[in-house]
Amino acid sequence: MDLNFDLYMTDVVNQARNEIEQAGYEQLTSPEEVDKVLQQEGTTLVMVNSVCGCAGGIARPAATHALHYDKTPDRLVTVFAGQDKEATQQARDYFEGYAPSSPSFALIKDGKIAQMVERHQIEGHDVMDVITQLQNTFDTYCDEK
């Protein structure tokens, strides 16, 4: 591979990681971290991050702005598809009944999948559509803060 491309991709990945962390999401980079968080009682929103355009242009902005709401999950976490492969696979094991999809969002309640927003519900949609989907999920499964 070209060294310039590798450096570029490292910058893109770091920017994507930083953007979601600044929004309040915890990076899970190992299967053990995933299990420790997703097996807890309560609600956890998992954002499956990626470097694709719909992640940067739609999913990450929606992940940030959906949190300006009366009801939000107890925990916010992210795994990075294509980067932290083992952690991402471990998280996907909790998404029973859903095919791998990135970017995507999964709401886990008491260790079980409650709701999923898949790539086809993100890509080609308006950011506000995705925010609305997430906030409707929060209304259904999360307690008021």
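## Buried face of α5

In this predicted model, the buried residues of α5 (under 20% relative accessible area, 1.4 Å probe, protein chains only) are Val130, Ile131, Leu134, Gln135, Thr137 and Phe138. They sit on the same side of α5, because they cover an arc of only 150 degrees around the axis, taken from the directions from the helix axis to the C-beta atoms. They pack against β2 (43–49), α3 (53–65), β4 (104–109) and β5 (112–117), with contact meaning heavy atoms within 4.5 Å.

Helix α5 spans residues 127–141, 15 in number. Its first and last C-alpha lie 21 Å apart, close to the 21 Å expected at 1.5 Å a residue; that expectation is 1.5 Å times one less than the number of residues. At the start of α5, a side-chain oxygen of Asp126 comes to within 2.8 Å of the backbone nitrogen of Met128.

## The sheet

Five strands form an open, mixed sheet in the order β1-β3-β2-β4-β5. Strands pair when DSSP finds at least two bridges between them. β1 (26–27) and β5 are the edge strands, each with a single partner, so one side of each has no neighbour in the sheet.

β1 pairs with β3 (residues 75–80) in the parallel sense, over 2 bridges. Glu26 stands opposite Val77 in β3.

## Helices on the sheet

Helix α2 (residues 31–38) packs on the sheet and touches β1, β2, β3 and β4. Its direction makes about 155 degrees with that of β3; angles run from 0 to 180 degrees between N-to-C directions. α3 lies across β2 and β4, at about 165 degrees to β2.

## Basis

Residues are numbered from 1 along each chain as its sequence is written, and side-chain values use heavy atoms, without hydrogens and water. In this predicted model, local features need pLDDT of at least 70 and side-chain atom pairs count only at pLDDT 80 or more, while totals for chains, interfaces and linings use all residues.

Note on methods:
Helix = DSSP H or I, 4+ residues; strand = E, 2+ residues; numbered from the N terminus. Buried < 20%, exposed > 50% of the residue type's maximum accessible area, 1.4 Å probe, protein only. Polar contact = N/O pair within 3.5 Å; in protein donor to acceptor, adjacent residues only side chain to side chain.
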